[in-house]
Protein chains: 2
Amino acid sequence: MEPIRKAALVKATIVELGRAGSLDVTVSQIAKRAGMSSALAHHYFGSKEDIFLAAMRHILSLYGAEVRGALAAVDGPEARLQAILRASFSPGNFRREAVGAWLNFYVLAQTVPEARRLLSVYQRRLRSNLLSCLRPLVGVRADRAADALGALIDGVYLREALKEGPPDSAAAVATVMEFVASELGKRK
Amino acid sequence: MEPIRKAALVKATIVELGRAGSLDVTVSQIAKRAGMSSALAHHYFGSKEDIFLAAMRHILSLYGAEVRGALAAVDGPEARLQAILRASFSPGNFRREAVGAWLNFYVLAQTVPEARRLLSVYQRRLRSNLLSCLRPLVGVRADRAADALGALIDGVYLREALKEGPPDSAAAVATVMEFVASELGKRK
DNA sequence: TTTTTTATTGATCCGTCAATCAACAAAAAA
DNA sequence: TTTTTTGTTGATTGACGGATCAATAAAAAA
């Protein structure tokens, strides 16, 4: 039962995070959505913070899997780069729940060391993926380019997610690819 | 008294936001730090949300003034660009309170329309400042470049603010300037 | 001076919430 | 079958929080 209940709670947490748009989500709400009592939620996770951290791990691992899947399907540095972007900006990542979860993880990262650690794990993994694409393309400049590209991805995501009107995955990908092109010295 | 009290509450709100690292700040805490009772805070602002929005307006106007000041001191498109970056990444903007305020404004923007509006006002203003620098430099490409640059600024800020270890203003400026250089086709 | 407006607070209302616990049910082990 | 472990919840606790209000003080207007 334990893994089932935990998984249900994690999913419910993410939904509630998106619904509320803030960390102001009660354990009861989460438990109710997961079809159990709040006492049971406390039974399987020790505390509310533990539930949030588990949800964060889940989101990050989903994203990681998405990137891995996209990378497996393509070949060549540029195509791999584009695959990373498509995974990062997939419509699923712009759903209410996903946006709410990410933003609140940033907030959590300010004060909860474990949250900060998880976030930096994700960033390092992204960076290493980017680096392996960039090195064949721009050689020694890859290091600095990967830093900038990582930041650009976060920034574009943030803006696309918070702008008024529906987010546009393709536009987000295009914006970043254009940066890559200019970094390669190509100009149309 | 009203403007004095309101100003004190706004300042106290920002400090408390930074201290707590989340929107989980009580009106009593804010009022206490501002040296008054919570009842008085409710008297001058109708609700907690109003207090938050006032704090957000204050942060945005501080940032706006910082940029304006930096722009007034320099001449030429590239120098102006650098001035915007230096203002955006000034050490003051990496203080606990400022980071906490910004992150929580992003969170607020998900659910409070007025917060989203304020955020998009800020983004439009930044965009127009960037455009006026970029047009003389890259002509018709300026529009797309301004979008990317704006997002890059947000992303770099986010990463610099949340990374472990102290933020490095100069490194943030350098990262973005490097992007500008590659956009100009210059490569060292 | 009297009246009115402004400034201010302590107490209070009504509600919520995280966490705990005792108790019960059901399945597994003995 | 009896015992033990696992799963589950309703009720409770202890605390806190936003908002309101009556009441007081002080200043301004009349």
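Q: How many disulfides does a search of the whole structure find?
A: The search over all chains of this predicted model finds zero disulfides. A disulfide would need a pair of cysteine sulfur atoms within 2.5 Å, so no pair in the structure counts as one.

Q: Why is A:Cys133 called buried?
A: The relative accessibility of A:Cys133 is 0%. Buried means under 20%, so A:Cys133 counts as buried.

Q: What makes B:Cys133 buried?
A: B:Cys133 has a relative accessible area of 0%. That value falls under the 20% cut-off, and therefore B:Cys133 is buried.

Q: What makes the pair between A:Val27 and DNA strand C a polar contact?
A: A backbone N or O atom of A:Val27 lies 3.0 Å from a phosphate oxygen of DNA strand C. The cut-off for a pair of N or O atoms is within 3.5 Å, so this pair is a polar contact. A:Val27 is also among the residues that come nearest to DNA strand C.

Q: How do you know that B:Ser37 and B:Tyr44 make polar contacts with DNA strand C?
A: A polar backbone atom of B:Ser37 is 3.2 Å from a phosphate oxygen of the strand. For B:Tyr44, a polar side-chain atom lies 3.4 Å from a phosphate oxygen. Both values are within 3.5 Å, so both pairs count as polar contacts.

Q: Which helix gives the most to the surface near DNA strand C?
A: H3(B) does, with four residues. Helix H3 (38-44) of chain A and helix H3 (38-44) of chain B each supply at least two residues.

Definitions and conventions:
Residues are numbered from 1 along each chain as its sequence is written. Chains are lettered from A and ligands numbered from 1 in the order in which they are written. This is a predicted model: local features need pLDDT of at least 70, side-chain atom pairs count only at pLDDT 80 or more; totals for chains, interfaces and linings use all residues. Side-chain values use heavy atoms; hydrogens and water are left out. Buried means under 20% relative accessible area, exposed over 50%, partly exposed in between (1.4 Å probe, protein chains only). A residue is near a molecule or strand if one of its heavy atoms lies within 4 Å of it. A polar contact is a pair of N or O atoms within 3.5 Å; within protein, one must be able to donate a hydrogen and the other to accept it, and residues adjacent in sequence count only if both atoms are side-chain atoms.
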